[in-house]
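Good morning, colleagues. I would like to take you through one structure today, moving from individual helices to the chain as a whole. Please have the sequence and the model in view.

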Amino acid sequence: MENTTEVQVGNPAKPERPDALGLVARTLTSPQLGTLVALSAALAIGIGLIMWASKPMYAPVFPGATPADSAAIAETLRAQSVPFRVDPKTGSVLVPQDRIEAARLQLSASGLPGNNAVGLELLQQDQSLGTSQFMETARYQHALETELARTIAAMQNVDSARVHLALPRQSVFIRNRARASASVMVKPMPGRRLEDGQVEAMVNLVASSVAYLESGDVTIVDQWGRMLSNGGESVADGETRKQFDYARKLEELYISRIEALLEPLVGVGKVRARVTADVDFNSNEQTRELFDSDPAQIRSEQIHDQSSSQPPALGIPGALSNQPPGAGTTDAKAAAEGAGGETENVNRQSTRNYELDKTITHTRQAPGRVVRLSAAVIVDDRVTMAADGTAQRTPITDEEIERFTALAREAIGYDAARGDTVVVMNQAFQAIEEIEPPAALPLWEQPWFAQVLRQAVAALAILLLIFMVLRPAMKNLRASMQPALLRHGAGGVPGVSGGVEADELGDDVLNLSSPGQRPRALPDASKDYGEVLALARTVAAEDPRRVAKVVKNWVGEQEEENG
């Protein structure tokens with residue numbers, strides 16, 4: 001059977017226009033509708049994923065802020081055009097992570113977050129007419145506590161502070177006055193500690209700010225409940241602690257002198273010194289009087305001489321001497337010699353006063369006298385680099401040890417009379433092990449990993465949509481449109497059944513179909529050029545020989561017209 005080929009070159013007869021309901025029904029039942037819906041859904045999901053991946057991650061700008069501070073922070077960020085969100089669970093203000101540091105600096109410059117405690121400003125508020133004296137006293141005490149807490153919090157290394165005052169009602173009688181007391185809770189900054197001088201300054205500050213408050217009645221604790229003040233310890237305990245601190249500081253002073261003197265000679269870190277100081281904290285008082293006489297310097301002299309004479313007693317002692325002599329004669333010569341003798345008594349007294357030097361000495365020895373010092377010094381070997389780059393250790397010579405010993409003695413004020421000792425020895429130090437750097441955070445704990453993961457998930461989801469949804473949908477759409485193009489007749493509507501029948505073609509139509517098949521006609525020239533080109537390509541792909549024959553007939557007709 002011979003196939004006939006006809007091409008339509010004229011305007012075909014126009015088919016009847018379908019009704020609107022039928023067109024809607026055929027459109028809803030068309031397989032192209034589902035494909036278009038899938039394409040639209042995939043496009044919407046892809047846009048949503050892109051927006052989700054590009055959305056920045058938020059973090060709290062000031063965790064733990066009070067609601068009042070959060071409101072002030074939100075107003076400040078809104079005024080500075082900084083994007084923020086409010087966490088519905090905690091009420092914290094969240095800002096993008098890449099802008100959190102800049103936001104904190106801006107808020108800190110604005111004084112946020114601030115201390116909302118009201119001090120003496122409370123007294124400036126309007127008071128009601130019926131305010132009692134108790135309320136006025138309570139407000140004043142609260143204002144005083146707040147002001148003291150502000151002052152303490154302004155000190156270095158102090159993060160925050162709270163002050164509680166116990167102010168009893170005073171009596172008009174001095175003997176019945178009660179003593180006030182105070183307690184202070186101090187929170188140091190992270191990684192900081194309060195020095196003893198700061199704690200003592202806080203105690204004196206609070207005691208001087210409140211009437212009838214002694215420094216011994218002020219208690220200071222930290223946030224861990226540790227006692228910082230020494231108000232509860234006895235006088236003896238306080239003196240012992242001060243003496244111990246003084247001895248340790250004195251030892252540290254001597255150690256620093258020795259190391260500062262020897263390190264330039266042997267190298268930094270190659271000298272270790274320890275000093276033990278025996279300190280006498282006894283307080284001694286002594287009063288002494290000295291008299292020094294000079295024999296050559298006579299202040300006064302007094303001499304008293306006394307002499308006396310009397311006749312001696314005659315006769316023989318006894319009873320016979322008291323009796324008159326009897327008749328007889330006496331020896332006249334012996335009597336004359338006895339009558340001529342006398343007795344003489346002499347008394348001499350001499351008193352001399354010399355000049356005297358009197359010295360009164362009152363000595364009071366202050367506590368803290370160094371009784372004895374003991375110093376031990378270790379010096380490391382000398383380290384030199386060999387030609388091959390290895391380190392070589394060389395011990396210190398005895399002459400150098402002697403010089404180092406002399407320097408150490410002079411550094412601490414060596415006194416042999418006190419029994420001080422200084423020992424310097426050479427010993428190789430153990431090598432210091434290098435501290436390994438902290439292990440890097442795993443990849444999934446890096447701050448940027450979450451954002452990159454979100455973007456990667458979004459990109460993967462978009463690729464899956466493209467290859468699993470968009471691409472199959474486009475293929476189905478193209479496949480569903482090809483039969484419609486093939487059925488598209490002159491004046492017909494693509495994709496709608498009911499094209500032009502073979503008997504409705506004009507005389508100037510060339511049939512491209514075999515006998516018994518539905519005639520295929522080229523669209524009218526007034527149609528879109530793309531549709532005509534698509535139909536021609538489809539026909540050429542299905543049957544190139546038939547298309548060649550059609551073109552041959554066109555050429556023959558053109559030659560006949562020209563001839």
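**Helix packing and selected residues**

Let me begin with helix 3, residues 67–79, which has 13 residues and reaches 18 Å from its first C-alpha to its last, close to the 18 Å expected at 1.5 Å a residue. I should say at once that this is a predicted model.

Which residues of helix 3 are buried? They are Asp69, Ser70, Ile73, Ala74, Thr76 and Leu77. These residues lie on the same side of helix 3, because the arc they cover around the axis is only 165 degrees. The general background is familiar: an α-helix has 3.6 residues a turn, so residues three or four places apart point the same way. On the face of helix 3 turned away from the buried side, we find the exposed residues Pro67, Glu75 and Ala79.

What do the buried residues of helix 3 pack against? Their partners are strand 3, residues 93–96, and helix 4, residues 100–109. Just after helix 3, Ser81 adopts a positive phi of about 60 degrees.

That brings us to helix 4. Its buried residues are Ile100, Ala103 and Leu107. Viewed down the axis of helix 4, the buried residues fall within an arc of 60 degrees, and therefore they line one face of the helix. The face turned away from this buried side carries Glu101, Leu105 and Ala109, which are exposed. The elements covering the buried residues of helix 4 include strand 1, residues 58–60, together with helix 3 and strand 3. Strand 3 thus appears in both descriptions: the buried residues of helix 3 pack against it, and it helps to cover those of helix 4.

I turn now to a pair of helices further along the chain. Helix 5 comprises residues 133–153 and helix 6 residues 196–209; their axes come within 11 Å and cross at roughly 155 degrees. That angle makes helix 5 roughly antiparallel to helix 6, since angles over 145 degrees count as such. The crossing of helix 5 past helix 6 is right-handed. Which residues meet at this crossing? From helix 5 there are Leu148, Thr151 and Ile152, and they meet Met202, Leu205, Val206 and Ser209 in helix 6.

Next, two individual residues. Met189 sits in the loop between strand 5, residues 180–188, and helix 6. Met189 is partly exposed, because its relative accessible area is 33%, which falls between the 20% and 50% limits. Leaving aside residues up to four places away in sequence, Met189 touches Asn157, Val158 and Asp159. For Met189 and Asp159, the separation is 30 residues in sequence and 4.9 Å in space, C-alpha to C-alpha.

The second residue is Glu251, located in helix 7, residues 235–266. Is Glu251 buried or exposed? Its relative accessibility is 10%, so Glu251 counts as buried. With residues up to four places away in sequence again not counted, Glu251 touches Val275, Thr276 and Ala277.

Finally, the chain as a whole. The protein chain contains 12 helices and 13 strands. Of its 563 residues, 23% are buried. Among contacts in the chain with a separation of 6 or more, 71% are between residues 24 or more positions apart. The contact between Met189 and Asp159, 30 residues apart, offers one example of such a separation.

Terms used:
Residues numbered from 1 in each chain as written. Predicted model: local features only at pLDDT ≥ 70, side-chain atom pairs only at ≥ 80, totals over all residues. Heavy atoms only, no water. Helix = DSSP H or I, 4+ residues; strand = E, 2+ residues; numbered from the N terminus. Expected span 1.5 Å × (residues − 1). Buried < 20%, exposed > 50% of the residue type's maximum accessible area, 1.4 Å probe, protein only. Arc of directions from axis to C-beta. Contact = heavy atoms within 4.5 Å. Axes fitted to C-alpha atoms, helices over the stretch in contact; angles between N-to-C directions. Parallel < 35°, antiparallel > 145°, perpendicular 65-115°, else oblique. Left-handed = near helix turned anticlockwise from the far one by under 90°.
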